[in-house]
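Visitor: I should be grateful for a close look at one helix of this model, together with whatever helps to place it in the whole.

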2 protein chains.
Amino acid sequence: MRVLGVDPGLTRCGIGVVDGGLGQPLRMVGVGVIRTPAAQETHLRLHTLRSELEQWLHRYQPDAIAVERVFAQANLRSVMGTAQASAVAMLAAAERGLPLAMHTPSEVKAAVTGSGRADKAQVTTMVTRILRLDTRPQPADAADALALAICHVWRGGAQDRLQRAAAAARGGAR
Amino acid sequence: MRVLGVDPGLTRCGIGVVDGGLGQPLRMVGVGVIRTPAAQETHLRLHTLRSELEQWLHRYQPDAIAVERVFAQANLRSVMGTAQASAVAMLAAAERGLPLAMHTPSEVKAAVTGSGRADKAQVTTMVTRILRLDTRPQPADAADALALAICHVWRGGAQDRLQRAAAAARGGAR
């Protein structure tokens, strides 16, 4: 299973691609950041983000997309930009018929560090260990995108197991 | 000049198309609402909105798109949906190379009623008068989209006049 994680943003949108499955080691296959110029009008920035994201999807052909669920932030303007950037990733999934999952920041932190309140450094440290990387992924947005993809593989796996167990239980009851 | 106004939303996205120019009466050429099912996942709703908006753009071939600028609302979830729906309209403009303008609700209200604090009923009344319609446009989202388009024609016209005046002044100074 290949998951493309997206940490949405207009200034920096983190992208991380991870291969993995239950009981298999995870492997990083791609990581990076899409940047759009702050001086540009928002609709042109969204268009640039969309074009670059399409290139990532074309190159890596993921089986699923995981996007960070946007929450309240101090700065309303930045919430808007993040919500709009996440819409670009959500549309891309819908257009390709790919499964889309939204994970909250605390779900992602809990998945990779064991604590929903871990800081960015802890998340980066654990992402580096889990993927057995030689260097810490930079910037934090790229590490966050990898963490999202890891979270999705692990949570998706757990959901699959539950679904199989439920299906088996239904089968056994018949 | 033909302007397509968009009052963004996931549950109801108002669309209003107005033809007009300075010193000419405005004319409504289309009005409606795009609805997406609340039970559907957000990324699929965004995809539906995008497809239907494309049909409007294809049918009416506007010269510009005017979108309501999203501001803080009591309900964060609804702000997110509105921001994401507005991203769909913004992307559509960028992809077609159409000029995009964002107008705030108070700019739109002031343009059509003379007061930035007008209520929805006043806006609908003035839209009905300005476009010389036989019936009041319904629902409010549709009337708001027409108000946005009217606001854009008038403000765009004013900006053009200022630019021409500035150009003439520069020419005269040479």
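Guide: The following account takes up one helix, then its aromatic pair, the second copy of the chain and the annotated positions.

The model is a predicted one. Helix H1 of chain A comprises residues 42-60, 19 residues in total. From its first C-alpha to its last it reaches 27 Å, close to the 27 Å expected at 1.5 Å a residue.

Which residues of H1(A) are buried? They are His43(A), Arg45(A), Leu46(A), Leu49(A), Arg50(A), Leu53(A), Trp56(A), Leu57(A) and Tyr60(A). Viewed down the axis of H1(A), these buried residues fall within an arc of 145 degrees, and they therefore line one face of the helix. Gln55(A), His58(A) and Arg59(A), on the other side of H1(A), are exposed. Just after H1(A) comes Gln61(A), which takes a positive phi of about 45 degrees.

Two members of the buried set deserve separate attention. A search of the whole structure, over all chains, finds two aromatic pairs. Trp56(A) and Tyr60(A) form an aromatic pair, with 5.5 Å centre to centre and 25 degrees between the planes. Planes under 30 degrees apart count as stacked, and the pair of Trp56(A) and Tyr60(A) is accordingly described as stacked. Trp56(A) and Tyr60(A) are four residues apart in helix H1 of chain A, and are thus separated by about one helical turn. Both Trp56(A) and Tyr60(A) are buried.

In chain B, Trp56(B) and Tyr60(B) form a stacked aromatic pair, also with 5.5 Å centre to centre and 25 degrees between the planes. Trp56(B) and Tyr60(B) both belong to helix H1 of chain B, residues 42-60, where they are four residues apart, about one turn of the helix. Trp56(B) and Tyr60(B) are both buried.

The relation between the two chains may be stated next. Chain A is superposed on chain B by a rotation of 180 degrees, with 0.0 Å of shift along the axis and an RMSD of 0.0 Å. The two copies are thus related as by a two-fold rotation axis. The same surface serves both copies, in that 100% of the contact residues of chain A recur in chain B. Which residue of chain A comes closest to the rotation axis? That residue is Gln84(A), whose C-alpha is at 2.5 Å from the axis.

Finally, there are the annotated positions. In an unreviewed UniProt entry, the annotation "active site" covers Asp7(A), Glu68(A) and Asp141(A). These three residues span 135 residues in sequence, yet no two of their C-alpha atoms are more than 10.9 Å apart, so they gather at one spot.

Asp7(A) is placed in strand E1 of chain A, residues 2-7. Its relative accessible area is 8%, and Asp7(A) is therefore buried. Leaving aside residues up to four places away in sequence, Asp7(A) touches Arg12(A), Cys13(A), Gly14(A), Glu68(A), Asp141(A), Asp144(A), Ala145(A) and Leu148(A). Both of the other annotated residues, Glu68(A) and Asp141(A), are thus among the contacts of Asp7(A).

Glu68(A) lies in strand E4 of chain A, residues 64-68. With a relative accessible area of 18%, Glu68(A) is also buried, since buried means under 20%. Residues up to four places away in sequence again being left out, Glu68(A) touches Val6(A), Asp7(A), Pro8(A), Met102(A), His103(A), Pro105(A) and Leu148(A).

How values were computed. Residues numbered from 1 in each chain as written. Chains lettered and ligands numbered in written order. Predicted model: local features only at pLDDT ≥ 70, side-chain atom pairs only at ≥ 80, totals over all residues. Heavy atoms only, no water. UniProt positions renumbered as here; feature names shortened; annotations may be inferred. Helix = DSSP H or I, 4+ residues; strand = E, 2+ residues; numbered from the N terminus. Buried < 20%, exposed > 50% of the residue type's maximum accessible area, 1.4 Å probe, protein only. Contact = heavy atoms within 4.5 Å. Expected span 1.5 Å × (residues − 1). Arc of directions from axis to C-beta. Phe/Tyr/Trp six-rings, centres within 6.5 Å; stacked < 30°, edge-to-face > 60°. Least-squares fit on C-alpha atoms with pLDDT ≥ 70 in both.
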